[in-house]
Amino acid sequence: MNNFSLVLSNLGRKKLRTALLIISILIAFLIFGVLGAFFKAWNAGTEMAAADRLISVNKINFTVSMPIAYINKVRSTEGVKIATHASWFGGYYQQPRNFVQTFAVDAPSYLEAFPELIFADGQREAFLSTRNCLAVGADIAKQYQWKVGDNIPLKSNIWRKVGGSDAWEFSVCAIFDGNEENIGANYAFFHYDYFNESKSFAKDMIGWMVITSDNPANNDLIAKRIDEMFANSFAETETSSEAAFNKAFLAQVGNISLILTLIIGASFMTILVIVGTTMVMAITERTKEIAVMKTLGFQTGRIFSLVLAESIIISLFGGLLGLGLAYLAVSAIGPMMATAMPGMSMSLQIVLIAIGLMIAFGFVTGFLPALKAMNVKIVDALGKS
Amino acid sequence: MNTNMPLYELRDLSKSYWRGGESIHIFDNLNMSIENGDFIAIMGPSGSGKTTLLNQLGGIDKPSTGEVLFEGQRIDNLSQGQLAKWRAANIGFIFQFYNLMPTLTAAQNVELPLLLSPVKKSERRERIATALDIVGIGDRAHHRPRQLSGGQQQRVAIARAIVADPKVLLCDEPTGDLDRTSADEILKMLQVLNQEMGKTIIMVTHDPEAAKYAKTELFLDKGEFIRRERK
Ligand SMILES: Nc1ncnc2c1ncn2[C@@H]1O[C@H](COP(=O)(O)OP(=O)(O)OP(=O)(O)O)[C@@H](O)[C@H]1O
Ligand SMILES: [Mg+2]
């Protein structure tokens, strides 16, 4: 027998109670894991943002386009290192619910501006030299099981080809991925030239420009220069840092991070109170036993640790079970949500935060009972028969 | 160490409680010594302070004034931590209601005091087996208290009290909850522990029959001791 088996024997005393405590903690961490994965996917946009990248959109709204001529003017602006552009294609595969986020891009400069996108050997070159190539993010390729060499028709709700067809033929000739875990690979892009020649309206218009600056410190200055250049034209621009742009985009959909934090916080607080109160009650029931242990010569510090360990073990056990269930849930939901909410997965960061929270949770719920146990007065407790 | 030195010495020991604005004296200026190897039965009316006295001797309560010496050293001024250590090394406690841990088996209950000293695992097992054997309950090692009779539980409690080989056994009405036959068995066992193993035993009891097993009887009444040697 050792300290650990002493703790376990106490946890086994009321199995139903211990099981209920474990289940409530399990639920808290199930919620935490699933919402955490959701939150991470939601935030991926701002995390992906590079410090030196600017985005320039039409001042009216980012869905309104601008002339392609702008790009050359921007390229010759002082402080601009790379300028590229992209246009929203929309796109779905076979059915509208199979949404594939697709852009038409100025291929060479786009790859230069997004160095975090990596390709298997030869595929970058294949993309650059193939007119109707669709470069597909690894997540999408996995979801639809597309391989290099497949011919894929994508339909667009917005763009029709000259002649009226809404089906665009692509050949998958490159599959890209991010060089880091938080870089999303849940979209696809193809050549603007192909797009511009084939589309039936809005010729020579682009969606937005992506600009890298020579120095992040100059971002504001460069943004100002660009916006001034197009002031009073029919398509005025609004240029901001990529991170700010992504944040603003998210803000339009609502402050979901606050809502998620509130849900997680409320579930944790509730369960914290339930578990904490139950642990205090459990110790009160054991006052006499604790007095006996002290009489035998157990030091108060050791009694404190033994009681605290009970809470920590319950918390870790329930928490890891909950996190495991969350992992299963996210693995099941993730692929289904890959298009609407791409990048939803259980990251190492979530796991580490969760484990930290479990330990903290154990400490918080165990501290009062442990203190109570430590302060049991032998004479008083033994006097009550 | 002086061989004539008593095991315990109480010097001007007083204990009083505050209740309802006045202080109640349990005993005043008590002077007494207890010799090594004695078996003392403390008797007296309910509320006379028998348990209170035992708590002073066991270092789980402190006197209001006066000194408690054990082997010539004061224990009344030790810290809680030092007292815990001292108890683990010197004292075995036996209670009226056994006070075993309900979640632990008999053997694990007996093992508890050994968690307080650096005893090797193999030696631990041997000591537990011996202690359970001495109290004649080796075959119940893996039973939980709930599965044992009162007499059997008290045997386990005695095994727990002796497993760490303390000098002193403090027993507060150890047979108070038992029938005559079980009580006699327990008392005989205490007698053997006193005579064969040299344990000093101080036992509080209400039962004159139980007191007959002791070498010395002490009557505690209104804060005074009346002492009677039996043999
Ligand atoms: N913590 C306390 N606060 C106030 N009074 C106390 C306290 N503990 C004991 N007493 C009082 O001290 C007196 C002696 O108590 P003690 O338990 O020592 O008696 P006892 O001789 O063991 O009695 P019994 O035979 O009933 O066990 C009693 O009057 C009791 O009410
Ligand atoms: Mg008493």
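**Pocket, cavity and interface**

Author: Starting with the second largest pocket of this predicted model: its lining divides into 12 nonpolar, 12 polar and six charged residues.

Reader: What volume does the second largest pocket have?

Author: About 770 Å³.

Reader: Which residues are closest to the centre of that pocket?

Author: A:G383, B:T51, B:T52, B:N55 and B:D172. They belong to a lining of 30 residues.

Reader: And which elements give two or more residues to the lining?

Author: From chain A, α14. From chain B, β1 (8-19), β2 (22-34), α1 (50-57), β6 (91-94) and β7 (168-172).

Reader: Which element has the largest share?

Author: α1(B), with five residues.

Reader: Switching to cavities. How many of 30 Å³ or more turn up in the whole structure?

Author: Four. The largest cavity holds about 150 Å³ of space.

Reader: What lies nearest the centre of the largest cavity?

Author: A:N10, A:R286, A:I290, A:M293 and A:L306. The lining has 15 residues.

Reader: Which elements supply at least two residues each there?

Author: α1, α11 and α12 (300-337), which belong to chain A. α12(A) has the largest share, four residues.

Reader: How does the lining of the largest cavity split by class?

Author: Eight nonpolar, three polar and four charged.

Reader: OK, the interface now. How many residues does each chain put into the contact?

Author: Chain A puts in 20 residues and chain B 23.

Reader: What area is buried between chain A and chain B?

Author: About 2000 Å². Carbon and sulfur atoms give 69% of that area.

Reader: Why quote an area for an interface?

Author: The accessible area lost when the parts come together is often used to give the size of an interface.

Reader: How many salt bridges cross between chain A and chain B?

Author: Zero by the rule.

Reader: And how many residue pairs are in polar contact across it?

Author: Seven, counting pairs with both residues at pLDDT 80 or more.

Reader: Which elements of chain A give two or more residues to the side that touches chain B?

Author: α1 (3-11), α11 (287-296) and α14 (378-383). α11(A) gives the most, with seven residues.

Reader: What about classes on that side of chain A?

Author: Nine nonpolar, six polar and five charged residues.

Reader: Which of the chain A elements touching chain B come back in the linings?

Author: α1 and α11 of chain A each supply at least two residues to the lining of the largest cavity. α14 of chain A gives two or more to the lining of the second largest pocket.

Key:
Residues are numbered from 1 along each chain as its sequence is written. Chains are lettered from A and ligands numbered from 1 in the order in which they are written. This is a predicted model: local features need pLDDT of at least 70, side-chain atom pairs count only at pLDDT 80 or more; totals for chains, interfaces and linings use all residues. Side-chain values use heavy atoms; hydrogens and water are left out. Contact means heavy atoms within 4.5 Å. Buried area is the accessible area (1.4 Å probe) that two parts lose on being put together, summed over both. A salt bridge is a side-chain nitrogen of Lys or Arg within 4 Å of a carboxyl oxygen of Asp or Glu. A polar contact is a pair of N or O atoms within 3.5 Å; within protein, one must be able to donate a hydrogen and the other to accept it, and residues adjacent in sequence count only if both atoms are side-chain atoms. Ala, Val, Leu, Ile, Met, Phe, Trp, Tyr, Cys and Pro count as nonpolar, Asp, Glu, Lys and Arg as charged, and the others, Gly among them, as polar. On a 1 Å grid over the protein atoms alone, a cavity is a set of points where a 1.4 Å probe fits but cannot get out, and a pocket is an open set with protein on both sides within 12 Å along at least five of seven lines; lining residues have an atom within 4 Å of a point. Grid points are joined across faces, edges and corners, and a volume is the space filled by probe spheres set on the points.
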